[in-house]
Amino acid sequence: QDQGTKELMRLYMTIHSDHEGGNVSAHATHLVGSALSDPYLSLAAGMNGLAGPLHGLANQEVLKWLNRVESDIGSDVSKEELSRYVSATLNSGRVVPGYGHAVLRKTDPRFTCQREFGLKHLPDYPKFKLVSKLFEVVPGVLAETGKVSNPWPNVDAHSGVLLQFYGITEENFYTVLFGVSRAVGVLSQLVLSRAMGLPIERPKSMTTRWLENKFGQAGE
């Protein structure tokens, strides 16, 4: 499996290395770097953001949910059983981790390339088969609610399962791998920002008067 691990790391490091500035870790790195802080300090800011459970821990949340599914109904289940389970999850007020994206309105291409890797290297792995069944079931169930603008899987729906298959089972280490990969993208952008002489980033602020003029005073 050593060669497979190398191929997985090439894939994982590539697809997690982006980003534009629209996520916490990339934006935090850019923000601190815009003050001409050195790259180490800038990246440290981004990694602190990545450590948040709503950002860099998402694939761990997916694994926890997959384990719960296997514990409750097993991994070798029909699509009908899985559909009922997903509906029950949503009806209980919980979410299905690994689905939806703040920007994308289609299947995340990073999910797709991981799925292609899985079909080639681990088609019979129980957790991969479960992820595949969920891919067929979850979007339809989410769409039926009428409340979800993007019912498609994102990058986190798959990455943890691939890491588990190749023996990387220390889940707290996943964020480290994510961070190593993300550093390639955000530090490249930091170099470009310096080369272009981009100014310090200052968030816009608004006054109470502006809010009143825009939306009217409370009680009106």
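**Exercise 1. Find the biggest pocket and describe its lining.**

Step 1: Start with the space itself. The largest pocket holds about 750 Å³. Keep in mind that you're looking at a predicted model.

Step 2: Now look at the lining. There are 27 residues around the largest pocket, and L54, H55, A58, N154 and D156 are the closest to its centre.

Step 3: Ask which helices take part. Both α4 (58-73) and α9 (174-196) supply at least two residues each to this lining. The top contributor is α4, with five residues.

Step 4: Sort the lining by class. You should get twelve nonpolar, eight polar and seven charged residues.

**Exercise 2. Do the same for the second largest pocket.**

Step 1: The volume here is about 330 Å³.

Step 2: This time 14 residues make up the lining, and L90, V95, V96, L142 and V148 sit nearest the centre of the second largest pocket.

Step 3: Helices α5 (79-91) and α7 (126-145) each give at least two residues to the lining of the second largest pocket.

Step 4: The class count for the second largest pocket comes out as eight nonpolar, four polar and two charged residues.

**Exercise 3. Search the structure for cavities, then work out what kind of residues line the largest one.**

Step 1: Searching the whole structure turns up one cavity of 30 Å³ or more. The largest cavity has about 50 Å³ of space.

Step 2: List the lining: V62, W65, L66, V96, P97, Y99, V131, L134 and A157. Two elements, α4 and α7, give two or more residues to this lining, and α4 has the largest share, with three residues.

Step 3: Put each lining residue into a class. The tally for the largest cavity is nine nonpolar, no polar and no charged.

**Exercise 4. Identify the residues at the heart of the largest nonpolar core, and follow one of them to its contacts.**

Step 1: Here's the background idea: in soluble globular proteins, nonpolar side chains tend to be buried together.

Step 2: The largest nonpolar core has 38 residues, and the ones touching the most other members are W65, L66, L134 and L163. Helices giving two or more residues to this core are α1 (2-15), α4, α5, α6 (109-121), α7, α8 (156-165) and α9. With eight residues, α7 provides the largest share.

Step 3: Compare this with Exercise 3. W65, L66 and L134 turned up there too, in the lining of the largest cavity.

Step 4: Pick L163 and trace its contacts. Leaving out residues up to four places away in sequence, L163 touches L8, M9, Y12, N59, I168, Y174 and L177.

**Exercise 5. Is G33 buried or exposed, and which residues does G33 touch?**

Step 1: Locate the residue first. G33 is part of helix α2.

Step 2: Check the accessibility. G33 has a relative accessibility of 3%, so it counts as buried; the cut-off for buried is under 20%.

Step 3: Find what's around G33. Skipping residues up to four places away in sequence, the contacts are S42, L190 and R194.

Step 4: Take L190 from that list and check the spacing. G33 and L190 are 157 residues apart along the chain, yet their C-alpha atoms are separated by 6.7 Å.

**Exercise 6. Look at the backbone angle of L36 and describe where this residue sits.**

Step 1: Recall the usual pattern: most residues other than glycine have a negative phi.

Step 2: Now check L36. Its phi is positive, about 65°, although L36 is not a glycine.

Step 3: Place L36 on the chain. L36 belongs to the loop between α2 (24-33) and α3 (39-50).

Step 4: Check the accessibility. The relative accessible area of L36 is 64%, so L36 is exposed; exposed means over 50%.

**Exercise 7. Zoom out and describe the whole chain.**

Step 1: Count the elements. The protein chain has ten helices and zero strands.

Step 2: Get the overall dimensions. The C-alpha trace spans about 55 × 55 × 25 Å along its principal axes.

Step 3: See how much is tucked away. Of the 220 residues in the protein chain, 42% are buried.

Step 4: Look at contacts with a separation of 6 or more. In the protein chain, 79% of them are between residues 24 or more positions apart.

Step 5: Finish with the surface. The protein chain has an accessible surface of about 12,600 Å², and carbon and sulfur atoms account for 57% of that.

Methods: Residues numbered from 1 in each chain as written. Predicted model: local features only at pLDDT ≥ 70, side-chain atom pairs only at ≥ 80, totals over all residues. Heavy atoms only, no water. 1 Å grid on protein atoms, 1.4 Å probe; cavity = no way out; pocket = protein on both sides within 12 Å on 5 of 7 lines; lining within 4 Å. Points joined across faces, edges and corners; volume = space filled by probe spheres on them. Helix = DSSP H or I, 4+ residues; strand = E, 2+ residues; numbered from the N terminus. Nonpolar A, V, L, I, M, F, W, Y, C, P; charged D, E, K, R; others polar. Buried < 20%, exposed > 50% of the residue type's maximum accessible area, 1.4 Å probe, protein only. Core = buried A, V, L, I, M, F, W, Y, C linked by side-chain atoms within 4.5 Å. Contact = heavy atoms within 4.5 Å. Areas by Shrake-Rupley, 256 points an atom, 1.4 Å probe, with all protein chains shown as cover.
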